[in-house]
Amino acid sequence: MTNLQTAGASLGSEKPKRARFTSIDFLPKQQVEEGAEPLLYAATSPEATAGAYYGPGGRFGLVGPTATARITRRALDTEANRRLWAESERLTGVALTAAVA
């Protein structure tokens, strides 16, 4: 587990501030290795399906072993995806161009 979620605006300050909700112990959480597993599965597993979305398969889809997850309607918005991709290219200075035959 990391403190990344709580660092927020205090990141880089001498004394990090703790958000109130982090002291509540009933919130779902898992170790870093378990949290990274869906990403690694999608990137490396021969059983992973192209275009599928993987995430935790346990409690409320927030923790648990890797499972196929539902893709939200927002994630399927092609116009939003186009804008996000264009902004990513602008910010990174990296643009992918189609290969010319």
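Y53, I71 and L76 come together as a nonpolar patch on the surface of this predicted model, and the three residues share about 300 Å² of accessible area. Y53 sits in the loop that runs between α2 (32-44) and β1 (54-56). With a relative accessibility of 47%, Y53 falls into the partly exposed class, because that class covers everything between 20% and 50%. A52 belongs to the loop between α2 and β1 too, and A52 is also partly exposed, at 32% relative accessibility. A52 gives a nice example of how folding brings parts of a chain together: A52 and I71 are 19 residues apart along the chain, yet 7.9 Å separates their C-alpha atoms. I71, in turn, is one of the members of the nonpolar patch.

Now for the overall layout. The protein chain has three helices and two strands, and reading along the sequence gives the order α-α-β-β-α. How much of the chain is buried? Of the 101 residues in the protein chain, 9% count as buried. Q30 is one that does: its relative accessible area is 17%, and the cut-off for being buried is under 20%, so Q30 makes it into that group.

Q30 is worth a closer look. Its place is the loop between α1 (4-7) and α2. What does the side chain of Q30 reach? It gets to the backbone nitrogen of G64, at a distance of 2.9 Å. So here a residue from the loop ahead of α2 is buried and makes a polar contact with the backbone of G64.

F60 makes a good contrast with Q30. F60 is found in the loop between β1 and β2 (66-68), and with a relative accessible area of 72% it is exposed, since the exposed class starts over 50%. The backbone at F60 has a quirk as well: phi is positive there, about 55 degrees, even though F60 is not a glycine. A positive phi also turns up just after α3, where G93 has a value of about 75 degrees.

Next come the helices. What span should α2 have, given its 13 residues? At 1.5 Å a residue the answer is 18 Å, and the C-alpha atoms at its ends are indeed 18 Å apart, so expectation and model agree. Even so, α2 has a kink of about 35 degrees, centred on P38. For α3, which has 15 residues, the distance from first C-alpha to last is 21 Å, close to the expected 21 Å. The N-terminal end of α3 carries a cap: a side-chain oxygen of D77 lies 3.1 Å from the backbone nitrogen of E79.

E79 turns out to be busy in other ways. Side chains of opposite charge can pair when their charged atoms come close. The count of salt bridges here comes to three. In one of them the side chains of E79 and R82 meet, with an N to O distance of 2.6 Å. In another, R83 meets E79, this time at 3.9 Å from N to O; the limit for a salt bridge is 4 Å, so this pair still counts.

Why might partners like these be able to meet along a helix? An α-helix has 3.6 residues a turn, so residues three or four places apart point the same way. The spacing fits this picture: E79 and R82 both lie in α3 (residues 78-92), three residues apart, or about one turn, while R83 and E79, also both in α3, are four residues apart, again about one turn. As for exposure, E79 is partly exposed with a relative accessible area of 37%. R82 is partly exposed at 46%, and R83 is partly exposed at 48%.

The remaining pair is E87 and R90, whose closest N and O atoms are 2.6 Å apart in a salt bridge. Both E87 and R90 lie in helix α3, three residues apart, which is about one turn of the helix. Are E87 and R90 partly exposed or exposed? E87 is partly exposed, at 33% relative accessibility, whereas R90 reaches 57% and counts as exposed. Shared partners tie some of these residues together, with E79, R82 and R83 joined by their salt bridges into one network.

Notes: Residues are numbered from 1 along each chain as its sequence is written. This is a predicted model: local features need pLDDT of at least 70, side-chain atom pairs count only at pLDDT 80 or more; totals for chains, interfaces and linings use all residues. Side-chain values use heavy atoms; hydrogens and water are left out. Patches are made of residues with over 30% relative accessible area and no salt bridge: like charges are joined within 9 Å, nonpolar side chains (Val, Leu, Ile, Met, Phe, Trp, Tyr) within 5 Å. Accessible areas come from the Shrake-Rupley method with a 1.4 Å probe; for residues, only the protein chains shown count as cover. Buried means under 20% relative accessible area, exposed over 50%, partly exposed in between (1.4 Å probe, protein chains only). A polar contact is a pair of N or O atoms within 3.5 Å; within protein, one must be able to donate a hydrogen and the other to accept it, and residues adjacent in sequence count only if both atoms are side-chain atoms. The expected span of a helix is 1.5 Å times one less than its number of residues. The bend at a residue is the angle between axes fitted to the seven residues ending there and the seven starting there.
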